[in-house]
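I opened the notebook to look at how the helices and the sheet sit against each other in this chain. My notes follow in the order I looked things up.

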Amino acid sequence: MATKSTILVFALFVLCLIICSSLTAGSQTIPTLNQQPEDTTISTNVDEHKTQGDILVRSNGIREVFGVAGKGIRVGVIANGAQSINISQKNGELSTVHVLAEGTGDEGTAMLEIIHDIAPDAELYFYAYGSSSDTFKTAVTGLANAGCNVICDDLYFFRQPFLQDGDVADHIRSVLKANPRLIYVTVSGNFAPLHYQGPWKPGQPYGKNQTLQDFGGGACAVNITLLPEERVIATLQWDDPWGHSFTDYDLVLTDPRSGTVLATSNFTQNGTTDPFEHLVYDPPGPNAEKVSLQIVRNGQTGTPNTLELFIRGVDAKGVDNAFMKDPTDSIFGHAAVEEVVTVGSVEPAAPFTISPDSSHGPVTIRYPVSTKRWKPDICAPTNVNVSGAGNFPNPFPGTSAAAPHVAGVIAQLWSAFPDVPRDQLKQTVYQSADDLGAPGWDEVYGYGLLNAERAYRLLFDKNKPTFDTSEAILKP
């Protein structure tokens, strides 16, 4: 039987919910909420170093009105390093962080600051990825063993398969299976500008028993103008089984005027190796340089393949060919795991257009069966404010800035509704997003822009307590 005080508390709670709901009513302009709880850990987004994403994804509303700040939730971050955590803490940007491996650099520090802005009561952990896929798997296991409920990374490995699951994807899937109270958040990647995927098509002959790939219309080369300080990093894979590639391709970089070979990648594929080629070229001089990148097939040309090529280290404006600028299907690796929350990035102002570099889906998988995976899942803001501790860039760019917003909001929601199963929590986050792009899920924005307030409201509606109102008559 409800007491008068219980009824009054519930009435005030519902009133607060109505106020918070007004955040989403018909405008991109978000009003300030004046009502705040007594909890001294609650922080408002007034400092210039606080991420403006806190307001844009409406996490500030549920924190300031309901005190939802991540209490009881452990959030782990995996990145290159967190060397300047002490500076960030001294300046009031971070609370205690359990550093299990410090690493080098401060991308982790910036990610932790974003999570702390959104969920200041969450217990934070950090584990540097250690520069290889094996040490990265160790970091994932370490954070899971530390009891983290949310793990967020901003990593990708070009030595992992593009067109099937590799050992990193398999490891994350196994960790999630063993830890039902864990949600994994990662980035879609920043590879939309310079990506190609297409079928093998015989083009011009190149050398003895060698044939160039025809990218379309007889074009057999990617033409690049390298500016000073730029370098070509090109990675090619194709849809032979990982570890059992029987079709032999090479990458060749030439001077288009003289035909001089500047760099090659010519691993031998003989049925026991990976479908993988990786070329790096650093220009020798201080001036701009024109180069041409070609895919060479050795031997027979009849076996069909799907080829996937990424180029990094070069401004997309310096690449002449439109076929090399296809963002579709540029998500790969553990970001393609269905159980993982994969985050794209949008600009931090209405109309929240997709960032030019944010990778698109869907994801093509060839083994063990041919299928498509519907990634990304959701988007959050990029180019947001951080302290810049350790001379880290401020504003913080890329999907690496977007992913910790999602991790922070998940920490908020799970702290408020600890009994909600993780799959229900994830689906609520997707269902409550502000739809962007094509209606419903699409390969650019996923389900749209993260909306913490609407997710909270949906979870409250499904999990709210019941009250006995048989004596709910208040007497003077």
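**Entry 1: helices on the sheet.** I began with helix H9, residues 422-431, which lies across S5, S16 and S19. Its direction makes about 40° with S5. I should jot down that I am working from a predicted model. Next I checked H8, which lies across S1, S4, S5 (183-187), S16 (341-346) and S19. H8 runs at about 160° to S5.

**Entry 2: the sheet underneath.** What is the order of the strands in this sheet? I read it as S2-S3-S1-S4-S5-S16-S19, an open sheet of 7 strands with parallel pairing. S2 (97-101) and S19 (378-381) each have a single partner strand, so one side of each is left without a neighbour in the sheet. From one strand to the next, the twist averages 25°. I zoomed in on one pair: S1 (residues 74-78) and S4 (residues 150-153) run parallel and are joined by 4 bridges. Val77 has Cys152 in S4 as its bridge partner.

**Entry 3: back to H8.** Is H8 mostly buried or exposed? I found 17 of its 18 residues buried, so the helix is largely enclosed by the rest of the structure. I also checked its length: H8 covers residues 399-416, and at 1.5 Å a residue these should span 26 Å. The end C-alpha atoms are 26 Å apart, which agrees.

**Entry 4: the nonpolar cores.** Which residues touch the most other members of the largest nonpolar core? I got Val185, Val343, Ile378, Val406 and Leu413, out of 68 residues in that core. H8 gives the most to this core, with 10 residues. A reminder to myself: in soluble globular proteins, nonpolar side chains tend to be buried together. I then listed the contacts of Val406, leaving aside residues up to four places away in sequence: Val185, Val341, Val343, Ile378, Ala380 and Leu450. A second, separate core has 27 residues, among them Leu194, Tyr281, Leu309 and Val314.

**Entry 5: helix H6.** I moved on to H6, residues 133-145. Its 13 residues reach 18 Å from first C-alpha to last, close to the 18 Å expected at 1.5 Å a residue. Which residues of H6 are buried? I noted Ser133, Phe136, Lys137, Ala139, Val140, Gly142, Leu143 and Ala144. It was worth recalling that an α-helix has 3.6 residues a turn, so residues three or four places apart point the same way. The cover over the buried residues of H6 includes S1, S2, S3 (123-127), S4, H7 (167-178) and S5. After H6 comes Gly147, with a positive phi near 90°.

**Entry 6: a hairpin.** I also looked at S11 (residues 248-254) and S12 (residues 261-265), which run antiparallel and are joined by 4 bridges. Leu251 has Ser265 in S12 as its bridge partner. The two strands form a hairpin with 6 residues between them, and Gly259 in the turn has a positive phi of about 80°.

**Entry 7: the chain as a whole.** I closed with the overall numbers. The chain holds 10 helices and 19 strands. Of its 476 residues, 55% are buried. Among contacts between residues at least 6 apart in sequence, 76% join residues at least 24 apart. The accessible surface comes to about 19600 Å², and 53% of this belongs to carbon and sulfur atoms.

How values were computed: Residues are numbered from 1 along each chain as its sequence is written. This is a predicted model: local features need pLDDT of at least 70, side-chain atom pairs count only at pLDDT 80 or more; totals for chains, interfaces and linings use all residues. Side-chain values use heavy atoms; hydrogens and water are left out. The expected span of a helix is 1.5 Å times one less than its number of residues. Buried means under 20% relative accessible area, exposed over 50%, partly exposed in between (1.4 Å probe, protein chains only). A nonpolar core is a set of buried Ala, Val, Leu, Ile, Met, Phe, Trp, Tyr and Cys residues joined through side-chain atoms within 4.5 Å. Contact means heavy atoms within 4.5 Å. Accessible areas come from the Shrake-Rupley method with a 1.4 Å probe; for residues, only the protein chains shown count as cover. Two strands pair if DSSP finds at least two bridges between them. Axes are lines fitted to C-alpha atoms, for helices over the stretch in contact, and angles run from 0 to 180 degrees between N-to-C directions.
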